[in-house]
Amino acid sequence: MRDGFFGCYFKCQDADKTVALIPALHVTKGQKTSSLQVVTNDRAWNVPLPGYAFAKKKDRLHIALGDNVFCARYIRLNLHEKDLDACGYLTFGPLTPLRYDIMGPFCLVPGMECRHSVYSMGHMVRGSLVINGERYQFDHGRGYMEGDKGRSFPKEYLWTQCNFGAHSLMLAVADIPLGPLRFTGIIGAVYWQGKEYRFATYLGAKVEQLGGGQVVVRQGDFTLRAQMAKPTSHPLYAPKSGAMARIIHESPSCRAQYSLKQGKRTLFSFESPCASFEYEYSV
């Protein structure tokens, strides 16, 4: 593997509790290392692990980090480190995959700094985790799964994800370098009333407003708005040239507002107290 990274994001929510788990592999100057980040409403932990602890199956989403397993059907945690003791078992299903790759034709473009994948827009989560003595019970939980691979996260970007009832959405806006060019890239999907609405640069999406934790994206007669109302961010490690050398800030469960309009008709407009938001723009 060339210098770079591969990581997956498993988000699990039930009532007022959120747990996000991020297993990752990083390669820098030919040297492999791995890590597991655990994020809750209140805290975030980063556990560095040796490269040999990471194993991924090629034909499906299945990652092992030592005794810990992360896959499309379940998560098994058995981690006992100095600052983090985490164990438990969660089951998932059925998943809600997108109709086709969220990157669209860009999945075929060589040299992309970062490639994004969405494995499930929403699914049931059942089971429990115990993290440093605190139990996280998921009886009627909802989950979301995505992944990234490449060299680095974008220099500037916004990412948000929210489960609301049986519906969900994700949106990412980023500064994309491609050879000598740079452009603002958009990828997003809304799963609403059993239907997928997709927003993407390759479908003609444009950013109408961006700043102060808010983004407004227009595509045809659709307008999608996301606004972080009250951040509660934790520092997380993100890849830079393969190494986990950059600090970003994620609000795993914060208050945010969303709306989707088609022409003058509002499909939905709501405020959620348990949205996920990363805002890495300077404006």
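**Close-up views of a predicted model**

**View 1. The cavity of the structure.** In this predicted model, the structure holds 1 cavity of 30 Å³ or more. The volume of the largest cavity is about 640 Å³, and 40 residues line this space, of which Cys-114, His-116, Asp-148, Phe-153 and Pro-154 lie nearest its centre. Sorted by class, the residues lining the largest cavity are 30 nonpolar, 5 polar and 5 charged ones. Strand β13, which covers residues 167-178, gives the most to this lining, with 5 residues.

**View 2. The largest nonpolar core and a second core.** The largest nonpolar core has 31 residues, and among these Phe-70 and Ile-131 touch the most other members. Strand β1, made of residues 4-14, gives the most to this core, contributing 4 residues. A second core, separate from this one, has 29 residues, including Leu-158, Tyr-197, Phe-268 and Ala-275.

**View 3. The surroundings of Phe-70.** When residues up to four places away in sequence are not counted, Phe-70 touches Phe-10, Leu-21, Pro-23, Leu-36, Leu-61, His-62, Ile-63, Leu-65, Ile-75 and Leu-77. Phe-70 is also, together with Ile-131, one of the residues that touch the most other members of the largest nonpolar core.

**View 4. Ser-259 and its contacts.** Ser-259 lies in strand β20, which runs through residues 243-262. The relative accessible area of Ser-259 is 8%, and because this value is under 20%, the residue counts as buried. Leaving aside neighbours within four places in sequence, Ser-259 is in contact with Thr-223, Leu-224, Arg-225, Phe-268 and Ser-269. One of these partners, Phe-268, also belongs to the second core of 29 residues.

Definitions and conventions
Residues are numbered from 1 along each chain as its sequence is written. This is a predicted model: local features need pLDDT of at least 70, side-chain atom pairs count only at pLDDT 80 or more; totals for chains, interfaces and linings use all residues. Side-chain values use heavy atoms; hydrogens and water are left out. A nonpolar core is a set of buried Ala, Val, Leu, Ile, Met, Phe, Trp, Tyr and Cys residues joined through side-chain atoms within 4.5 Å. Buried means under 20% relative accessible area, exposed over 50%, partly exposed in between (1.4 Å probe, protein chains only). Helices (H or I, at least four residues) and strands (E, at least two) are DSSP runs, numbered from the N terminus. Contact means heavy atoms within 4.5 Å. On a 1 Å grid over the protein atoms alone, a cavity is a set of points where a 1.4 Å probe fits but cannot get out, and a pocket is an open set with protein on both sides within 12 Å along at least five of seven lines; lining residues have an atom within 4 Å of a point. Grid points are joined across faces, edges and corners, and a volume is the space filled by probe spheres set on the points. Ala, Val, Leu, Ile, Met, Phe, Trp, Tyr, Cys and Pro count as nonpolar, Asp, Glu, Lys and Arg as charged, and the others, Gly among them, as polar.
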